[in-house]
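User: I'd like to go through this model with you, starting with how the chains meet and then turning to the charged side chains. Could you put it up?

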Amino acid sequence: MTASGESVTAAYPAPRTARAWVYELGAGRRAIVVAWILSRIVVLASAALVQVAGWPVRAGWRPGFGRHPFALLGIWDGHWYRAVADHGYLLVPGHRSDPAFFPLLPVLMRGLHGIGLSLNAGGLLLADLGFLAGLLALYELGREWLPEPDARRAAVLAAFFPFGFVFSMVYPEGLALAALALAGVWALRRRWLLCAACAAAAALARPQGVFVALPIAAAALAGWPELRLSERARAVTAVLAGPAALASVYAYYGWALGDPLAWSKAELGWGRSFAVSGVARSFRELGGVATHHHSAWLVRDVVFGVVYLACLVVAARGGVPRAWIVAGLAMVLLPLGSGSFTSDARFGLLALPVYFGLALLARDRRLYGLIRFASPALLAAGVVTIWLKSP
Amino acid sequence: MARARVAAAVLIGLLGAVAVAAAAFGLQTSLGRPPRPVVLAARAVGEIEQAQVVRTVERLGPGRTLSAVCSSSGRTSLVSVGDGALLAVRGVRVHALGGIPSRRFHAVVEADLAGCPRLLGLLLQQRVRRALARGDAEHLLVPVRRGSRQAYRIVLTPGPLQVDLEIDRRTLEPLGVRVESAGPAVSSSIAGRQRRES
């Protein structure tokens with residue numbers, strides 16, 4: 001009570017219950033949170049099943065589920081991200097080494113490790129929460145250009161996207177998706193410093209993140225005449241934030257490893273080198289698909305690549321801005337410059353307009369029903385086959 | 001006036017981008033850095049594997065020397081020793097193709113002594129990763145003198161068949177290999193290296 005006898009408690013909002021919080025999310029966001037929960041249950045349950053059943057058999061790999069829960073989701077690149085989080089970068093010229101893996105995820109994993117989480121648990125938590133944030137931001141972004149049901153459908157389809165099991169692995173795709181979509185949302189709302197932070201985070205998470213500079217530049221140019229001087233300066237910073245963050249990776253490698261080009265050299269160890277002739281090499285690789293050691297997996301990457309391109313075309317026709325389409329095309333097609341289609345299915349996961357294109361296609365109720373029926377099964381199949389081929 | 005305002009906006013924006021880069025750099029410095037011996041040894045892997053052809057002189061005992069040549073092509077290396085021995089090396093697997101006198105030691109030792117770049121590079125890479133995983137990097141490089149040159153000795157494979165590699169302290173070039181087993185120790189000096197064409 002105050003001296004005048006008024007109750008001070010009225011100045012503070014009443015504590016919100018969980019139910020109230022869920023209600024305030026709104027129907028669209030609620031549907032997305034539910035889709036995220038259900039799709040992650042599919043992924044986690046499939047991963048648990050693989051570990052408990054011990055299939056596929058892999059010599060030397062039989063971690064007990066009790067002691068190493070979801071260890072399946074921490075394999076492949078997860079091993080390298082944990083190594084970076086554990087001891088920093090080390091370039092071993094001519095061999096597979098970790099400067100090929102960008103720093104945002106290991107930096108955050110190390111931070112969580114500092115408060116007691118294991119590196120694997122921290123990586124999984126970051127990936128899954130990043131993915132949830134990414135889905136919600138994707139929905140907000142979609143609402144800027146599409147009717148609400150389409151935006152909602154895009155996020156729900158992204159949650160169940162068959163290759164989306166990667167968003168629950170110790171990979172930076174979940175964080176990158178969130179950073180890319182949020183950068184787009186903040187650019188459209190002219191919150192340029194937030195946009196700059198998200199664009200920098202996207203480029204620190206995955207090299208493709210740098211392409212978000214294109215739609216940010218388009219948004220800045222579109223609003224340029226109305227912007228005040230200070231807003232223009234912040235918009236320029238937002239446009240350059242991704243490339244600046246990428247430059248900082250080179251600078252850091254120069255400082256820590258004595259070699260600013262450590263990323264390119266590490267990529268060589270992984271059999272990747274960018275060249276103009278790389279695209280031709282990628283298609284030559286396809287020519288030999290019948291004799292390729294991993295031909296089935298290569299076909300998987302090609303099929304996803306084709307789906308991504310088709311969805312980008314539909315998204316472009318459906319009103320998604322051209323700058324986003326170009327950024328999406330760059331994410332899907334530029335990796336082919338490294339001479340292989342391998343992992344293109346994963347690289348294309350960050351091409352946001354793909355999900356809008358898919359949502360527009362799924363306006364057809366029969367197609368939507370088919371996708372909703374097939375996606376969880378394909379998602380589970382993706383998890384079950386993680387050990388057979390790195391995504 | 002309008003141009004000046006645009007230029008000012010771009011300039012301030014550029015400064016903002018520099019600040020973003022600095023912040024991103026600072027964030028990355030929160031990652032640890034491997035100990036210096038590990039970084040040097042990892043660099044030495046690249047230096048060793050630069051060579052395509054290596055010529056060595058093997059010292060098998062008092063007054064007993066042999067020359068050897070290891071040439072790499074693709075993933076396979078061929079070792080030809082002065083006494084007629086011929087070996088094929090792929091990864092850490094060594095196959096005697098012929099001419100190995102019965103008195104001589106194991107083919108793996110022969111390949112180590114011949115200074116095969118791929119083999120030594122692979123062993124060193126494995127050693128570096130072990131040192132990093134076990135946290136015993138401070139013992140990875142042991143400073144020694146090799147004639148007039150300052151060198152580091154690295155124990156590539158500890159145990160009953162211990163293989164030591166010596167590298168130049170400044171250039172990280174390989175200088176020679178020493179193998180210790182139950183019998184007398186044998187060693188080799190690298191007499192010449194032909195770098196691969198980049």
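User: How many residue pairs are in polar contact across the interface of chain B and chain A?

Analyst: The rule finds nine such pairs between chain B and chain A, both residues being at pLDDT 80 or more; a polar contact is a pair of N or O atoms within 3.5 Å, where within protein one must be able to donate a hydrogen and the other to accept it, and residues adjacent in sequence count only if both atoms are side-chain atoms. This is a predicted model, so local features need pLDDT of at least 70 and side-chain atom pairs count only at pLDDT 80 or more, while totals for chains, interfaces and linings use all residues. Residues are numbered from 1 along each chain as its sequence is written, chains are lettered from A and ligands numbered from 1 in the order in which they are written, and side-chain values use heavy atoms, with hydrogens and water left out.

User: And how many salt bridges between chain B and chain A?

Analyst: The count there is zero, a salt bridge being a side-chain nitrogen of Lys or Arg within 4 Å of a carboxyl oxygen of Asp or Glu.

User: Which elements of chain B touch chain A, then?

Analyst: Helix 1 (2–28), helix 2 (36–49) and helix 4 (117–134) of chain B each give two or more residues to that side, and helix 1 provides the largest share, 16 residues. Helices (H or I, at least four residues) and strands (E, at least two) are DSSP runs, numbered from the N terminus.

User: How much area do the two chains bury?

Analyst: Chain B and chain A bury about 3100 Å² between them, 71% of it on carbon and sulfur atoms; buried area is the accessible area (1.4 Å probe) that two parts lose on being put together, summed over both. B:Gln28, B:Leu31 and B:Arg33 supply 21% of the area that chain B buries against chain A, more than any other three residues. The contact, meaning heavy atoms within 4.5 Å, takes 35 residues from chain B and 39 residues from chain A.

User: Changing topic: what is the nearest side chain of opposite charge to A:Arg232?

Analyst: That is A:Glu231, 7.7 Å away, and A:Arg232 has no salt bridge although it is buried; Lys and Arg count as positive and Asp and Glu as negative, while His and the chain ends are not counted. Buried means under 20% relative accessible area, exposed over 50% and partly exposed in between (1.4 Å probe, protein chains only).

User: Where is A:Arg232 found, and what is it in contact with?

Analyst: A:Arg232 is found in helix 10 (residues 229–257) of chain A. Leaving aside neighbours within four places in sequence, A:Arg232 is in contact with A:Trp224, A:Pro225, A:Leu227, B:Val6 and B:Ala9.

User: How many salt bridges over all chains?

Analyst: The structure holds 20. One of them joins A:Arg346 and A:Asp77, with the closest N and O atoms 3.6 Å apart; A:Arg346 lies in helix 15 (residues 344–347) and A:Asp77 in helix 3 (residues 77–87) of chain A, so the pair ties together parts that are 269 residues apart in sequence.

User: Are A:Arg346 and A:Asp77 buried or exposed?

Analyst: Both A:Arg346 and A:Asp77 are buried.

User: What does B:Glu47 meet in a salt bridge?

Analyst: The partner is B:Arg193, at 3.4 Å, N to O. B:Glu47 counts as buried at 16% relative accessibility, whereas B:Arg193 counts as partly exposed at 23%.

User: Which residues of chain A are linked in a network of salt bridges?

Analyst: The network links A:Arg29, A:Glu140, A:Arg143, A:Glu144 and A:Arg189.
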